Amino acid sequence: MAWFRDWRRKRVLRRSAIDDDLWRRVIERHGFLRVLSQDERVRLRDQVLLFLHEKSMHGAGGLVVRDDMRVAIAAQACMLILNLDIDYYRGWADIIVYPDEFVAEYEYTDDDGVVHAVREPMTGESWLAGPVILSWADAEGAGQATGYNVVMHEFAHKIDMLNGDANGYPPLHADMDRREWVRAFTQAYEDFSAAVERGEGTAIDSYAAEHPSEFFAVMSETFFDLPTVAQAQYPQVYAQLARFYRQDPVARLRQAGNLVQAHGG
Ligand SMILES: [Zn+2]
């Protein structure tokens, strides 16, 4: 059915558009989009059109989702799959956007059989086969090379969950070695968790120490938003992510830098 899928996608692309000015503003606002080559921008724009066609974005808590929010969220989500396929986001349809942090309520039973009701403020959440939930206040400032990106974080969880519960082990490509992935991530996670436990300041968000799935999501954010830090801290994890996402953001930065120099000279 590949021909049918391709035909349908081409039809969607023919029939939909993003305003040129709006697209330019979204690119300008995010450092990791500004360094994309012309080819990559064209490909990203197509992915964004397909993404917006397949997903519904809803405002919650009084938020009205504007077009620039819609495109900014879609562009960041599609950065992860720029060299993969829109099918990496299959099996769910809804994105819910709150104006600010939202409160998640859940119950759990402890070892003594006591049930606790928890209310926790959240900036983002991804449900298995369910929606992605985002705080716009936290998504809005993305792209300033801080290593913090709630949209990429939640969509990395979505990719991780393609093969079941989030565990930091997404479905790898046929040309990747499962043992190399596990070795790189296990060593880095143990090293990072120990550093956090010792109370050391870390260049990567300490939230990554919570669980291997959070380590994968935070390393993915860092990989795209602060690639030189991701590579310097955990070169083997960086190499695995580069093979998985089929992108090399450090090389891209270097290339963009060289382009600036060439123009300047
Ligand atoms: Zn997370």
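**Exercise 1. Place alanine 145 and state whether alanine 145 is buried or exposed, or in between.**

Step 1. Alanine 145 sits in the loop between helix H6 (136-140) and helix H7 (150-160). Helices (H or I, at least four residues) and strands (E, at least two) are DSSP runs, numbered from the N terminus. The model is predicted: local features need pLDDT of at least 70, side-chain atom pairs count only at pLDDT 80 or more, and totals for chains, interfaces and linings use all residues. Residues are numbered from 1 along each chain as its sequence is written, and side-chain values use heavy atoms, with hydrogens and water left out.

Step 2. Alanine 145 is not a glycine, yet its phi is positive, about 55°.

Step 3. Its relative accessibility is 44%, so alanine 145 counts as partly exposed (buried: under 20% relative accessible area; exposed: over 50%; partly exposed: in between; 1.4 Å probe, protein chains only).

**Exercise 2. Locate alanine 129 and give its phi.**

Step 1. Look in the loop between strand E5 (124-126) and strand E6 (132-135).

Step 2. Phi of alanine 129 is near 55°, a positive value in a residue other than glycine.

Step 3. Alanine 129 has a relative accessible area of 63%, so it is exposed.

**Exercise 3. Describe how strands E3 and E4 pair.**

Step 1. E3 covers residues 102-109 and E4 covers residues 115-122.

Step 2. They pair in the antiparallel sense over eight bridges (pairing requires at least two DSSP bridges between two strands).

Step 3. Tyrosine 106 stands opposite valine 118 in E4.

Step 4. E3 and E4 form a hairpin with five residues between them. Glycine 113, in the turn, has a positive phi of about 80°.
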